[in-house]
Amino acid sequence: MGITFYEKERIFKLDTPNTTYLIGIVGKLGFFGHIYYGKKLNGIEGAWELLRVDEDDPSLWDEEAKYRVLFLNRFPTEYSSHGVGDYRESSIRVRTKQGHNAVLLTYHSHRIIEGKPPLEGLPATFGQEGKSDVTTLIITCVDKVLNLKAELYYSVFADTDAIARSVRITNENSEAIYLEKVMSGCLDMENKDFEILSMHGSWFRERYLERKKLGHGKYSVSTTRGGNCHQEHPFMALLAQGANQTMGEVYGFNFVYSGNFLIQAELDQMDSVRVVVGIHPEDFCWKLEPGEAFQAPEMIMTYSSQGLDAMTHSFHKLYKKHIIRSPYRDKKRPILINSWEAAYFDYDEKKLLDIARESAKLGIEMLVVDDGWFGNRYDDNRALGDWYVNEEKLKGGLKYLADEVNKLGMKLGIWMEPEMISPDSDLYRAHPDWAIAIPGRKPSRHRNQYVLDISRKEVRDHIMDMICKVLSSANISYVKWDMNRPLSDLGSAALPPDRQGELYHRFILGLYEMQQRLLDEFPDLLLENCSSGGGRFDPGMLYFSPQIWCSDNTDAIDRLIIQEGTALVYPLSAIGAHVSVCPNHVTGRTTPFDTRGVVALAGTFGYELDVTKLTEEEKEQIKIQTAYYHKLNDLVREGDYYRLASYWQNGTHDCFQVCSPDRRKSLVFYVQVKNPVSFPYQLSRQIRLRGLNEDALYVVKELDLTKEDESDDQQGGKALNGGVLMNGGLNFDWMWGDFQAKLFYLEQV
Ligand code: DGJ
């Protein structure tokens, strides 16, 4: 495990439990290239051949070689150059004082260190405390003409098949240089007849999966919206021909960043593939004074030889152990009830307390006061930035509410949108220049709001002082940090003209600093990130909040697709999921209460409804669901996730499973979206389970979420062989009607 440098061969071997990544330095001029990324190798003999370079190629030794362009344009590099003859996507581009753009980085030296240095100002993966479970290779390379130094970081984890990469650029010249593009990583490899799996979507339709063939040319996912992205997701997987859920080779890429990104796969004339991952270069320009450094965010790469399931396990494990820092990471979160779909802006302290009183009786543990408790916020047209309690609306303020809610044995949480400013707000009236805007242009509004210029320290300090005051004024256990518009009209009143191109990235650095400060001041706070539903689901946000609101679409059927896409990369413990009322506010669809419960139990779990308006029967079901949450959540949170059937693909049913790491316990979630009626017999379905012990016997028990569970876990079920369940399948009888759910609990006897 770890990283080895083979001096004679000049090869770096990076090993994770099941994968190997090889980099080779070649020739006198310091080219270093990508040799291999795949299944774990025990030796490196013969690996050189994979570079497909002739060691006698003059381009490796002589800058004036006759066919240097030909060489540069096909060499499988670790970090692609710009403007000197490699016409595939570059990893870095600069602008010098003289107006030139070219960069060519060649090997200078390297270090291998135990552990992993943090990335300045940025969220990043880390080793677990007290364990030496991560090793880092730092390759220093230089552009001798520019006096520019680049350090390429590669960290490998002892327990996870993932490699984290990032880049740090230092200007060692005596004059300033402008970075116009800095990718966090580049991977050149042979085409394996790849298909691309990516995620697209919109508000209410986050992270829908899409699979297509990688043809010649470039295919990318990206955003230039600045920080709120439902449309495309910073994830891409390349699936070798024939790869599926359980078989075949899969390369997965994810970006630990919450702003503009670009992930691009390019199939070139030689049928080689180049993948680049990094900050989107559009409107990015970072001035580096002499001696200054720029830290690019981290990208994650995974390789699986066993299909998508294994890729998912690597991402889940990495994020569960190496990116979520919250003290709630390994804990059951309080079951919350959120006021948004219950009341929107129309509430006062009486209404909220009525909801809390009823909720407490049903096993709900936290009341979250969503949008509308502050300033003059009676609708979504005003008051963002005025972070003080509206005591006309909430008599006695948050202190009274928290005290009353605490008396019920419940916690209190609140909503905030700290990065925004309403034109109709005291804050804007006092500081109009704090909104992001271009002089002479009216900034475009979205939801009647502007974006705050949190690249400015005084702005961040002012907002955080207000927020911390509110949080100190009452016993507040949870914050939902929302963000409801993309950035536009990029201009900062505080940045000089030649630094305006830094604003997108400085905004995100400001966001990270604010969330860090919040957690430093309130270490026990449970933070949930959110952006118009699920527009902020990325690993950068997971570094700060152990859970992220997944979508404003709480319809149980639509959620199957949204949660499938999300869970492909992110652990179920991070997926904000609530039961809401029907007809659903977004889709108008009516689904059974227990189906809504089953789908939400596969996430953080909570409610998004006015519990005082429910029928007695529905309230009884809440009692049952909350009791099940306590029984099952450890398994959901800690278990390995398997996708068994996909409604997104088959259009009729959805099925997934979680298994405890010791394989002794498992849960199977099944939703029949459409009754598969077939005359004269009704179809039954056998779904092959995964992750069990082949030879063990499991008691399989169907959990009825409409009735109280009186038996203990070993009773009331049949004992089935693990091999039978995995190779034959678990039989699902058809159910009367659409949108029906089943939940099975398996325990080894
Ligand atoms: C968007 C969020 O996704 C909703 O849950 C809610 O908090 C609203 N914003 C409030 O404005």
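For these notes I take a polar contact to be a pair of N or O atoms within 3.5 Å, where, within protein, one atom must be able to donate a hydrogen and the other to accept it. The model I am reading is a predicted one.

Entry one, aspartate 309. I looked up the pair formed with arginine 690 and found that the two side chains are joined by a polar contact of 2.7 Å, which falls within the 3.5 Å cut-off. I then placed aspartate 309 in the fold and found the residue in helix α2, which runs over residues 307-322. Is aspartate 309 buried or exposed? I noted a relative accessibility of 6%, and because buried means under 20%, aspartate 309 counts as buried. Setting aside neighbours within four places in sequence, I listed the contacts of aspartate 309 as Gln245, Thr246, Tyr642, Arg643 and Arg690, so that arginine 690 appears in this list as well as in the polar contact.

Entry two, the ligand. I found 13 residues around the ligand, the closest being Asp370, Asp371, Asp482, Gly533 and Asp552. By class, I recorded the shell as six charged, four nonpolar and three polar residues.

Entry three, polar atoms at the ligand. On the oxygen side, I noted that a polar side-chain atom of aspartate 371 lies 2.6 Å from a ligand oxygen, and that an N or O atom in the side chain of arginine 447 is 2.9 Å from an oxygen atom of the ligand. For aspartate 482, I found a side-chain N or O atom 2.7 Å from a nitrogen atom of the ligand. I closed with the cover: of the 290 Å² of accessible area that the ligand has on its own, the protein covers 98%.

Key
Residues are numbered from 1 along each chain as its sequence is written. This is a predicted model: local features need pLDDT of at least 70, side-chain atom pairs count only at pLDDT 80 or more; totals for chains, interfaces and linings use all residues. Side-chain values use heavy atoms; hydrogens and water are left out. Helices (H or I, at least four residues) and strands (E, at least two) are DSSP runs, numbered from the N terminus. Buried means under 20% relative accessible area, exposed over 50%, partly exposed in between (1.4 Å probe, protein chains only). Contact means heavy atoms within 4.5 Å. A residue is near a molecule or strand if one of its heavy atoms lies within 4 Å of it. Accessible areas come from the Shrake-Rupley method with a 1.4 Å probe; for residues, only the protein chains shown count as cover. Ala, Val, Leu, Ile, Met, Phe, Trp, Tyr, Cys and Pro count as nonpolar, Asp, Glu, Lys and Arg as charged, and the others, Gly among them, as polar.
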